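Here are my notes for your reading of this model. Keep the structure open and check each point as you go.

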Amino acid sequence: MVRDDKDDSNSEIVIKTLTPEYFDGARAVESGFVQTRKGFCFGLCPYRFCPVSKSEFEQIYRQSADRCSTYGVAIRQADQLVIGICKLRTASQPSKWNENLLHKPSSDEMYVDTLAVTAEARGKGVGARLLNWAEEVARERKATRMVLGVFNGNPARRLYERNGFDEAESTEFMVVERIVLPVRSLSRI
């Protein structure tokens, strides 16, 4: 079981797996991220027109405890506010038809579907802590690598590179780059 990530240097933030009490906050962070993306859903309409409804979000996560266990939320302890999310997927998890359009996870990988942090929490290490949580989940599930996609020009690419991700593939369609990180050994932590 993945333990909550508590760090003495930043103890006011904890990383937890998604539970119903955090559904609204997680969906708000995820929707805020989608609405700022400079891309197109299925190549047709801007992402900002494709937020996930409350009922759709709850349906996905109430029906699958496994999906909740691979969805991390960064919680500010002072007010229990969700300030960041990290949504992971594996090949064996149930998914909606549109979740595999940009990338379908292979059996040996943990796919970082979405990593988003609120504007007020950016630059404070929350994204890095969520990536560390994701790596721990990947190791526990015996994934041999983590994969994520990032749009060209996205400043978050620096965060991924600082955390060991390397460019694996670059495509013109949807301007997505695949970045791969071999799962590191437990001795690193």
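1. Start with Gln80, which sits in the loop between β4 and β5. This is a predicted model, so read each point below as a statement about a prediction. Gln80 has a positive phi of about 60 degrees, yet it is not a glycine. The loop belongs to the hairpin of β4 and β5, with four residues between the strands. Is Gln80 buried or exposed, or does it fall in between? Gln80 is partly exposed, because its relative accessible area is 39% and the range for that class runs between 20% and 50%.

2. Now look at the two strands that flank this loop. Strand β4 covers residues 71–76 and pairs with β5 in the antiparallel sense. Six bridges join β4 and β5. One pair to find on screen is Ala74 with its bridge partner in β5, Gly84.

3. Strand β5 has a second neighbour. β5 and strand β6 (residues 109–117) also pair in the antiparallel sense, over six bridges. Gly84 turns up again here: it stands opposite Val117 in β6. So Gly84 faces Ala74 as a bridge partner and Val117 in β6.

4. Why is β5 described as largely enclosed by the rest of the structure? The strand runs over residues 81–89, and eight of its nine residues are buried. Cys86 counts as buried because its relative accessibility is 0%, and the cut-off is under 20%.

5. Cysteines deserve a check. Cys68 is buried too, because its relative accessibility is 10%. How many disulfides does the model contain? The count comes to zero.

6. Turn to helix α2, residues 54–62. Which residues are buried there? They are Phe57, Glu58, Ile60 and Tyr61. These residues lie on the same side of α2, because they cover an arc of only 160 degrees around the axis. Ser55 and Arg62 are exposed on the other side of α2. A general rule helps here: an α-helix has 3.6 residues a turn, so residues three or four places apart point the same way.

7. Leu159 is a good residue for tracing contacts. It is found in helix α5, residues 157–162. Leu159 counts as buried because its relative accessibility is 13%. Leaving aside residues up to four places away in sequence, Leu159 touches Leu115, Gly127, Ala128 and Leu131. Take Leu131 from that list. Leu159 and Leu131 are 28 residues apart along the chain, and their C-alpha atoms are separated by 9.3 Å.

8. Phe165 comes after α5, in the loop between α5 and β8 (166–170). Is this loop residue buried or exposed? Phe165 counts as buried, because its relative accessibility is 3%. Phe165 and Met146 are 19 residues apart in sequence. Their C-alpha atoms are 8.5 Å apart in space.

9. Lys142 gives another positive phi in a residue other than glycine, near 65 degrees. Its place is in the loop between α4 (126–140) and β7 (145–151). Lys142 counts as exposed, because its relative accessibility is 70% and the cut-off is over 50%.

10. Step back to the whole chain. It has five helices and nine strands. Along the sequence they follow the pattern β-α-β-β-α-α-β-β-β-α-β-α-β-β. Of the 189 residues, 45% count as buried. The chain exposes about 10,100 Å², and carbon and sulfur atoms supply 52% of that area. Take the contacts between residues at least 6 apart in sequence: 66% of them join residues at least 24 apart.

11. Finally, ask how confident the predictor is. The mean pLDDT of the chain is 79, and 74% of the residues reach 70 or more. Which elements have the lowest and the highest mean pLDDT? Strand β3 (residues 45–46) has the lowest, at 51, and β4 has the highest, at 97. Check both ends of the chain as well. Over residues 1–9 the pLDDT stays under 50, and the model gives this stretch 16 contacts beyond four places in sequence. Over residues 185–189 the pLDDT is below 50 too, with six contacts beyond near neighbours in sequence.

Note on methods:
Residues are numbered from 1 along each chain as its sequence is written. This is a predicted model: local features need pLDDT of at least 70, side-chain atom pairs count only at pLDDT 80 or more; totals for chains, interfaces and linings use all residues. Side-chain values use heavy atoms; hydrogens and water are left out. Buried means under 20% relative accessible area, exposed over 50%, partly exposed in between (1.4 Å probe, protein chains only). Helices (H or I, at least four residues) and strands (E, at least two) are DSSP runs, numbered from the N terminus. The arc is that of the directions from the helix axis to the C-beta atoms. Contact means heavy atoms within 4.5 Å. A disulfide is a pair of cysteine sulfur atoms within 2.5 Å. Two strands pair if DSSP finds at least two bridges between them. Accessible areas come from the Shrake-Rupley method with a 1.4 Å probe; for residues, only the protein chains shown count as cover. pLDDT is the predictor's confidence in each residue, from 0 to 100.
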